[in-house]
Amino acid sequence: MERIDKQTIVDSVPQKGFFGQPKGLFTLFFTEFWERFSYYGMRAILVFYMYYEVSEGGLGLDRNVALSIMSVYGALVYMSGVIGGWLADRVFGTSRAVFYGGVFIMLGHIVLSIPGSVVFLFISMALIVIGTGLLKPNVSSIVGDMYSETDRRRDAGFSIFYMGINLGAFISPLIVGQVQKDYGFHWGFALAAIGMFVGLVVFVLTRKTNLGLAGSYVPNPLSPDEKKKTIRIVSLVTIGIAVLLAILIPLGWFTINTFITLVGVFGIAIPTIYFIIMYRSPKTTEVERSRIIAYIPLFIASVMFWAIQEQGATILASYADTRTDLEFFGFTLSPAWFQSLNPLFIILLAPVFAWLWVRLGDREPSIPTKFAFGILFAGVSFLVILLPAYFSGPDTLVNPLWLVLSYFIVVLGELSLSPVGLSATTKLAPAAFSAQTMSLWFLSNAAAQGINAQLVKFYSPENEMLYFGVIGGVAIILSLILFALAPKIKVYMRGIH
């Protein structure tokens, strides 16, 4: 298939129509809004569903096991983006990947909404992992397709897109949390399925008129010989894994803890392999190799940031449920509602950050400097949450405003790093690996959550000061190193600002 020129793609997209941005941003904004509504609505109650007793509508799993499973689930969701990015780059393009992904996600939520056992839980997780791997990296890649490399609206456009993500993430825990409280967990999961269905409808009805050629092409299609080789390899690997599991599981040599450890190992190994493959590929130019080197410290910083931010759905969710005083000014708070704090603050602050980057013009901080600020704020957010135990001890219920403050500070870091990281990835990506590099960006989250699956085992109210202090301190030290390296990283970015 003949490769479509980047400028041809940009010219095919209506460039005005959504807050001064390309019209296609409307389609992607609302598709991702409903996908995040479904995902974060489910996530807000899933950890409670796993460790609540059966008499309370849950599965009755051990709390630490539930927290580790939650982290592994998050890691797999983002790890699967490697497959989704590869399929988009080499088989059917990003637009079709987004659609297929939405279908899998919807089916996963439907399975979760059916009362059942742990088996149903893992089936639904598998479907959502596959679907998110197809949808998540590729919808962001299509956003990048709509802008030329020199279009200064790009960072602002990604910030607006990021606000759409967080509008869905803000609303869903409030609604799904209340539905779960009134009608049970499975009705909450059913509502998440409906949200994804609405997102699919929006995407199908508007993509032709709004997206033009963006997402419709295959950047690096498989040749007929490569297709045969790929099918053969995938078939052999699948059969091999199935046989291995059939032997190891009955013998007790493959347990949940073994799986958790393997996810952590793969979370680090897969991105390392990806960097090597892209760097050594003959399709990667000299300039692109330099940009890959610049991308490595940004990736490491991203792992550190997400290792803290993603604990908002595990450690801080459990903290809200067990360590926080939920009677507040005459209201009884739901622990699920705290999951809305992060997206709420992003909604309020994303326009401010988008305006700030445009307003600063040539004085705008460089990409690595923004990343350094991101992990600095993340580290401070963990230092803040250790203070209640320092002042009152680990046995007293904590004022919920401490959690509010911690979520607020980490959002300052997220807005400094995450939308900027999405934009930087589309700029620094080698042309032959565009969607796969976006998958690599999301692998930083997978690596972080793979690490978290091990870290959460060490948390308890008795040692929470040490837990939050060590992790927060490491993040602050890493931010200072990145501030110092920022000028050198800019040189390797070869003209990308």
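The points below concern a predicted model and take up its nonpolar patch, one helix residue, its aromatic pairs and two charges placed over rings.

1. On the surface, L107, I110, I114, V119, F120 and I123 together make a nonpolar patch of about 470 Å². The elements that give two or more residues to this patch are α4, which spans 81–112, and α5, which spans 118–145, and of the contributing elements α5 gives the most, with 3 residues.

2. Among the patch residues, L107 belongs to helix α4 and has a relative accessible area of 38%, so that L107 is classed as partly exposed. This value satisfies the requirement for patch membership, because a residue must have over 30% relative accessible area to be included.

3. N166 is placed in helix α6, which covers residues 154–183, and with a relative accessibility of 4% N166 counts as buried, because the limit for that class is under 20%. When residues up to four places away in sequence are set aside, N166 touches N342, P343, I346 and I347, and a reader inspecting the surroundings of this asparagine may wish to begin with those contacts.

4. Over the whole structure, a search finds 30 aromatic pairs. One of them is formed by F328 and F329, whose geometry is edge-to-face, with 4.7 Å centre to centre and 85° between the planes. The two members of this pair fall into separate classes of accessibility, since F328 is partly exposed at a relative accessible area of 23%, whereas F329, at 71%, counts as exposed.

5. A further pair joins Y459 and F468, whose ring centres are 5.8 Å apart and whose planes stand at 50°, so this pair is tilted; the angle is assigned to that class because edge-to-face would need planes over 60 degrees apart and stacked would need them under 30. Both partners are buried, Y459 with a relative accessible area of 10% and F468 with a relative accessibility of 0%.

6. Ring pairs also link a group of aromatic residues into a cluster, which consists of F26, F29, F30, F33, W34 and F37.

7. Two charged side chains are placed over aromatic rings. R63 lies over the face of Y51, at a distance of 4.1 Å from the ring centre, while the charged end of K370 sits over the ring of W357, 4.0 Å from the centre of that ring.

Conventions. Residues numbered from 1 in each chain as written. Predicted model: local features only at pLDDT ≥ 70, side-chain atom pairs only at ≥ 80, totals over all residues. Heavy atoms only, no water. Patch = residues over 30% accessible without salt bridge, like charges linked within 9 Å, V, L, I, M, F, W, Y side chains within 5 Å. Areas by Shrake-Rupley, 256 points an atom, 1.4 Å probe, with all protein chains shown as cover. Salt bridge = Lys/Arg side-chain N within 4 Å of Asp/Glu carboxyl O. Helix = DSSP H or I, 4+ residues; strand = E, 2+ residues; numbered from the N terminus. Buried < 20%, exposed > 50% of the residue type's maximum accessible area, 1.4 Å probe, protein only. Contact = heavy atoms within 4.5 Å. Phe/Tyr/Trp six-rings, centres within 6.5 Å; stacked < 30°, edge-to-face > 60°. Lys NZ or Arg CZ within 6 Å of the ring centre and 35° of its normal.
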